[in-house]
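Trainee: I would like to take a close look at one single part of this model, the place where two helices pack against each other. Could you take me through that part slowly and explain each term as you use it?

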Amino acid sequence: MPRYYEDKPEGGACAGVKEDLGLCLLQSDCVLKEGKSPRQCLKEGNCKALKYSFFECKRSMLDARSRFRGRKGY
């Protein structure tokens, strides 16, 4: 689920997805129980949906059509 923070300033186009991905990784069993780093857990396939959403958000910034239609996602 997306989390919206009213107190925090905007950090860029994909800041919300990036923050949600970070929280998902930090709260995963891979990090908490196995003691691995979030980077290792991301490579193993944890939080796939948020990883894909973040990728699509970054890709949409390079897409020329998104300048007219707007970014997809968050």
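Mentor: The crossing of helix 1 and helix 4 is left-handed, a word used when the near helix is turned anticlockwise from the far one by less than a right angle, whereas a clockwise turn would be called right-handed. Please keep in mind that this is a predicted model, in which local features need pLDDT of at least 70 and side-chain atom pairs count only at pLDDT 80 or more, while totals for chains, interfaces and linings use all residues. Residues are numbered from 1 along each chain as its sequence is written, and side-chain values use heavy atoms, with hydrogens and water left out.

The contact, meaning heavy atoms within 4.5 Å, is made by Val17, Lys18, Asp20, Leu21 and Cys24 on the side of helix 1 and by Leu50, Lys51, Ser53 and Phe54 on the side of helix 4. Sorted by type, the residues of this contact are 5 nonpolar, 1 polar and 3 charged, where Ala, Val, Leu, Ile, Met, Phe, Trp, Tyr, Cys and Pro count as nonpolar, Asp, Glu, Lys and Arg as charged, and the others, Gly among them, as polar.

Two packed helices are described by the angle between their axes and the distance between the axes. Helix 1, residues 15-26, packs with helix 4 at an angle of about 155°, and their axes are 9 Å apart; the axes are lines fitted to C-alpha atoms, for helices over the stretch in contact, and angles run from 0 to 180 degrees between N-to-C directions. Helix 1 and helix 4 are therefore roughly antiparallel to each other, since angles over 145 degrees count as roughly antiparallel, under 35 as roughly parallel, 65 to 115 as roughly perpendicular and the rest as oblique.

Staying with helix 4, which covers residues 48-62, we find Ser60 within it. Ser60 counts as buried because its relative accessibility is 10%, and buried means under 20% relative accessible area, exposed over 50%, and partly exposed in between, with a 1.4 Å probe and protein chains only. A polar atom of the Ser60 side chain lies 2.7 Å from the backbone oxygen of Cys57.

As for the setting, the chain has 5 helices and 0 strands, both taken as DSSP runs numbered from the N terminus, with H or I over at least four residues for helices and E over at least two for strands. Of the 74 residues of the chain, 19% count as buried.

Conventions
A polar contact is a pair of N or O atoms within 3.5 Å; within protein, one must be able to donate a hydrogen and the other to accept it, and residues adjacent in sequence count only if both atoms are side-chain atoms.
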